[in-house]
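Keep the sequence and the 3D view side by side as you read. We will go from one chain, to one strand, to a pair of helices, and then to the place where two chains touch.

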Amino acid sequence: MKALIAGAGRLGTQIAQVLAAARNEVTLVDVDEDRVAALAGRLPVRLLAGDACDPAVLEHAGALTAGLLVATTGDDEDNLVVSLLAKRRFAVPRVAARVNDEENTWLFDHRWGVDTAVPAATPLISLIEEATGATDTVALLRLSKAGVDVIETAITPRSRAAGRTLAEIALPEGTVVATVVREGRPTVPAPGMRLRPGDELLVVSHTATEGEIHAAFQ
Amino acid sequence: MRVIIAGCGRAGSLLAAQLAGEGHDVRIVDRAARARGLLPAGFPGRFHQGSGFSRTVLEAAGIEHADAFVALTSGDNANIVGARTAKETYRVPIVLAHVDAARSADLCRELGIPAIASVRWTVREIHRRLLHRHLTPELAFGNGETLLIRSRLPGYLTGRRLAELDVDGEIRVVEVTRAGRSLVPAHHTPAEPGDLVTFAVAATSLGRLRGFLDKELGT
């Protein structure tokens, strides 16, 4: 599937990483040229500098054939306008938008082309942080319509995966480690990366169940 | 009337002061508390700090009983979201939005929000003054897409039917003042010396109209 992400902030880059790891064709658009330049080569996605509120930029980014658009900028009015354009002008089947200010939540619905509102309090990274208390695997977020599950698992000193490299871990079919959050920072995992207690993994899978992921790491 | 203005910048504060001076009930909203400093001392209206599309702020400003809402913040998207909320959620009878970008003006048209598109307007106005400075519009409609222009007819057109000056979709003769009396010309009315003619013309066809009117000068 083609996915288009507007806004290359923390949430935008994380979602881009997860979707790219699940073998989606991802385009990440940000108005800040410096930010786009800084991300070049660090993400397995197509990067584009431009204002996603401009229909010409959206079209260039592939909105006509995108299956999913996620508006993740830091301004609610921008996310609303991007969503509206995605839905009205480009008929993007699924549109998700981040709500920065909780008070604006009521605006994020079909009137502005939004199918899924993503509250600021629960972006991916916050969910991981919240889930840290539980050592068990937690089904974090189901991008069920995309046919992909994102499962978070935390490495503890007792985990089987602690001290091993990613390459040494046998993963179920169709499963990818999207990102390893170490000391609060998401990193692009290389096969040689050695897992340590305290690491939090975002695992993306088309087929594996939570139990299978749990078995592989814990 | 009760007017709510979102955005207390140069335009917002000036409009607020003018309307309040005329005795209107003005409520002005801005995200920054210090924006209040742009209002004149003794401004009789109310200032509310917050976003121009926040329900809490708009309701505190009395949007449920407002006669008009004007979106004048520096952000096109904030103005679009605010104006659409005022129009569709609160059913404010008069809603106006200021936008910069031409694409924002297009989106406003799509959403049925009357917009003042400053970049488009400025460019058109400067273009007209640069290239068509002798054709001063009596009136401009919309954002200047259609203009009403009066001009004395050049002598070479005397005896020609005024309807011949019409160009479909571009130029139309709407009125003639002849010897101090105004008339709406019939299809066959011929031009007479000294006719003062009013044209409705598309801004993009000003060059063509000038071509008709200046012909004599060139020959």
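What percentage of the 218 residues of chain A count as buried? The answer is 45%. Bear in mind that this model is predicted.

Start with the parts of chain A. Chain A has six helices and 11 strands. Now look at its contacts between residues with a separation of 6 or more. Of these, 59% link residues 24 or more positions apart along the chain.

Next, find strand E5 of chain A, residues 94–99. Is E5(A) enclosed or open? Five of its six residues are buried, so the strand is largely enclosed by the rest of the structure.

Which strands pair with E5(A)? One is strand E4 of chain A, residues 68–71. Four bridges join E4(A) to E5(A), and the two run parallel. Within this pair, Leu69(A) stands opposite Val95(A). Follow the chain between the two strands. It leaves E4(A), passes through H4(A) and arrives at E5(A). This is a β-α-β crossover, and it is right-handed.

E5(A) also pairs with strand E6 of chain A, residues 116–119. Again there are four bridges, and again the strands run parallel. Here Arg98(A) of E5(A) faces a partner in E6(A), namely Val118(A). As you look along these strands, keep a general rule in mind. In a regular strand, side chains alternate between the two faces of the sheet.

Now move to chain B and a pair of helices. Helix H3 of chain B covers residues 76–89, and helix H4 of chain B covers residues 102–111. How do they pack? Their axes lie 11 Å apart, at an angle of about 10 degrees. Angles under 35 degrees count as roughly parallel, so H3(B) is roughly parallel to H4(B).

Which residues make this contact? H3(B) supplies Asp76(B), Ile80(B) and Arg84(B). H4(B) supplies Ser104(B), Leu107(B), Cys108(B) and Leu111(B). By class, the contact has four nonpolar residues, one polar and two charged.

Finally, turn to the contact between the chains. Chain A brings nine residues to it, and chain B brings 10 residues. Which element gives the most on the side of chain A? It is helix H4 of chain A, residues 76–88, with four residues. The helix H4(A) is also the one in the crossover from E4(A) to E5(A). By class, the side of chain A that touches chain B holds five nonpolar and four charged residues, with no polar ones.

Methods
Residues numbered from 1 in each chain as written. Chains lettered and ligands numbered in written order. Predicted model: local features only at pLDDT ≥ 70, side-chain atom pairs only at ≥ 80, totals over all residues. Contact = placed C-beta atoms within 7 Å. Nonpolar A, V, L, I, M, F, W, Y, C, P; charged D, E, K, R; others polar. Axes fitted to C-alpha atoms, helices over the stretch in contact; angles between N-to-C directions. Parallel < 35°, antiparallel > 145°, perpendicular 65-115°, else oblique. Buried ≥ 20, exposed ≤ 12 C-beta atoms within 10 Å, placed from the backbone. Pairing = 2+ DSSP bridges. Right-handed = clockwise from strand over helix to strand, strands pointing away.
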